[in-house]
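I begin these notes by setting out what I intend to look up: a pocket, and several pairs of packed helices. The entries follow in the order in which I made them.

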Amino acid sequence: MTGTSHTPPSRLAMPVIVLSVFVVPLAISGMGVLLPTIARDLGASPFLLQSVVNGFNASFAVFTLVWGVLSDRLGYRATVVVGLVFFTAGSIVSAIAPDLVVLDIGRILSGIGGAAVFTGAASLMSNAWEGAARARNFAIFGTVIGIGSAIGPVIAGVLTGWLGWRGVFIVFGIVTLLAIAFSRFLPKITHESEPGRKVVDFGVLRNPHFLALSLVPVATAIGAITLGTYLPVAFGAVYGLSAPAAGLFMLFMMAPIVVAPLAVSRIISTVVAVTPMMIIYIALGAMIVGDAALLVVSPDIAMWWAIPGMFLIGAAFGMTIGLVDGEALSQVPPHRSGAAAGVLNFVRVGSEAVVIAAFAAVVAALIFSSLGDQGIADATAAGLPGHGDEYAAAFRTVLLVMIGINILLTIVVAALHRARLRRSGEEASGITPAGEILTPR
């Protein structure tokens with residue numbers, strides 16, 4: 001048995017968690033709007049420019065595993081605080097960066113911090129609250145991520161117009177400093193160390209239900225996060241929108257993200273027939289339809305026709321955030337919640353890093369194959385107007401591939417869910433299909 005000690009959560013605990021978590025999705029979703037402006041200031045080197053996005057995502061993904069294990073040992077409040085310190089330092093470095101290399105270093109530091117904040121916050125909620133309060137707080141957690149994702153492009157676009165792109169990182173640093181100042185209101189939760197504990201343990205993925213839930217963020221990374229990052233770039237390249245205008249137009253995709261998490265939580269708690277997996281299937285289907293609706297993006301078709309697809313994608317993503325985290329962490333013992341959150345976030349953000357990088361690389365390669373001029377192709381891929389037809393053609397090609405992959409992922413999630421239901425039925429009866437007696441858990 002693993003010992004646990006913790007202080008009861010205060011009334012300010014969730015507001016502090018909200019403040020701590022809020023800036024992380026801002027730092028992800030707002031970067032697509034900044035890229036064209038950063039390219040004009042620091043250069044349009046494809047690798048270094050895309051690393052402004054990918055450097056954060058990659059470091060976030062890798063360090064979720066590290067913080068997942070460390071948080072179970074150090075305590076979840078300490079993990080959040082250390083993460084906020086890293087994030088603040090990264091924001092400062094990014095704000096004063098003289099070139100893309102230094103900017104990328106700052107983004108990597110922020111990614112390391114963001115991983116600690118997310119892992120520590122999810123584990124705090126999983127351990128400090130129970131029952132309806134726990135479910136409500138995870139719904140709030142999802143709503144905060146949704147709001148951050150929703151207003152990230154808007155805030156980044158507006159702040160870029162007011163303060164320049166450096167001002168965006170200054171604001172990020174101010175928010176995390178405030179969270180550090182109020183971090184004493186977070187509950188202090190620690191667990192005794194387990195002898196022989198692995199540094200990284202992916203054993204939780206052997207649970208079919210946990211694995212199915214972990215694949216849902218992979219699908220949303222492909223069908224929602226990538227588009228949330230690069231649709232502003234597409235609107236700049238195809239329709240000539242400025243950063244503030246592209247950020248405002250993204251509200252059609254981001255607004256549903258704000259509403260969906262708490263709405264889903266309320267529906268599940270009041271309608272017995274509605275289960276979390278039912279919501280997840282609806283979300284995956286809506287996202288595939290929404291992605292297909294964005295095939296209309298073209299200089300020859302008014303950009304307003306993209307709104308239905310954007311709305312569906314935003315609603316689908318909003319349905320899953322928070323819900324997936326709460327369901328997944330309920331599958332593990334409390335003293336392993338940090339490691340489980342680390343694995344879940346590694347899969348989530350790792351897939352985001354891979355698909356966002358792949359999206360940018362493939363779109364850039366397709367544009368270059370069409371234009372034949374590397375400099376013009378790089379500028380077009382960065383969102384600068386002038387060659388909208390070429391960008392739109394590359395965008396549609398990549399989008400079709402994304403839709404196909406997400407159809408396959410939905411089938412895999414359904415198969416894993418059926419396997420879990422079959423396993424539960426076998427354990428309830430006490431017999432396996434082969435007639436073997438199962439050992440009770």
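Entry 1, the pocket. By a pocket I mean an open set of grid points with protein on both sides within 12 Å along at least five of seven lines. I note that the model I am consulting is predicted. I looked up the largest pocket and found a volume of about 380 Å³. I then asked which elements give two or more residues to the lining of this pocket. They are helix H6 (131–163), helix H10 (251–270) and helix H13 (323–329). The lining comprises 22 residues, and Ala 135, Arg 136, Ala 139, Ser 265 and Leu 323 lie nearest the centre of the pocket. Sorted by class, I recorded twelve nonpolar, six polar and four charged residues in the lining.

Entry 2, helices H11 and H12. I recall that two packed helices are described by the angle between their axes and the distance between the axes. For helix H11 (residues 276–293) and helix H12 (residues 307–320), the axes come within 8 Å and cross at roughly 155°. Angles over 145 degrees count as roughly antiparallel, and H11 and H12 are therefore roughly antiparallel to each other. I recorded the crossing of H11 past H12 as left-handed. On the H11 side, the contact is made by Ile 279, Ile 282, Ala 283, Ala 286, Met 287, Val 289, Gly 290, Asp 291 and Ala 293. On the H12 side, I listed Gly 309, Leu 312, Ile 313, Ala 316, Met 319 and Thr 320. The residues of this contact divide into eleven nonpolar, three polar and one charged.

Entry 3, Met 319. I next followed a single residue, Met 319, which is found in helix H12. What does Met 319 contact, leaving aside its neighbours within four places in sequence? I found Ala 260, Val 264, Ile 279, Ile 282 and Ala 283. I also looked up Gly 142, which is 177 residues from Met 319 in sequence. In space, the two are 8.7 Å apart, C-alpha to C-alpha.

Entry 4, helices H2 and H5. The axes of helix H2 (residues 31–42) and helix H5 (residues 100–128) come within 12 Å, and I noted a crossing angle of roughly 155°. That makes H2 roughly antiparallel to H5. In the contact, Met 31, Ile 38 and Leu 42 of H2 meet Leu 100, Leu 103 and Arg 107 of H5. By class I entered five nonpolar, no polar and one charged residues.

Entry 5, helices H1 and H3. I closed with helix H1 (residues 13–29) and helix H3 (residues 46–74), whose axes come within 9 Å and cross at roughly 135°. H1 and H3 are therefore oblique to each other. Their crossing is left-handed. Val 24, Ala 27 and Ile 28 of H1 make the contact with Phe 56, Asn 57 and Phe 60 of H3. This contact has five nonpolar, one polar and no charged residues.

Conventions
Residues are numbered from 1 along each chain as its sequence is written. This is a predicted model: local features need pLDDT of at least 70, side-chain atom pairs count only at pLDDT 80 or more; totals for chains, interfaces and linings use all residues. Side-chain values use heavy atoms; hydrogens and water are left out. Axes are lines fitted to C-alpha atoms, for helices over the stretch in contact, and angles run from 0 to 180 degrees between N-to-C directions. Angles under 35 degrees count as roughly parallel, over 145 as roughly antiparallel, 65 to 115 as roughly perpendicular and the rest as oblique. A crossing is left-handed if the near helix is turned anticlockwise from the far one by less than a right angle, and right-handed if clockwise. Contact means heavy atoms within 4.5 Å. Ala, Val, Leu, Ile, Met, Phe, Trp, Tyr, Cys and Pro count as nonpolar, Asp, Glu, Lys and Arg as charged, and the others, Gly among them, as polar. On a 1 Å grid over the protein atoms alone, a cavity is a set of points where a 1.4 Å probe fits but cannot get out, and a pocket is an open set with protein on both sides within 12 Å along at least five of seven lines; lining residues have an atom within 4 Å of a point. Grid points are joined across faces, edges and corners, and a volume is the space filled by probe spheres set on the points.
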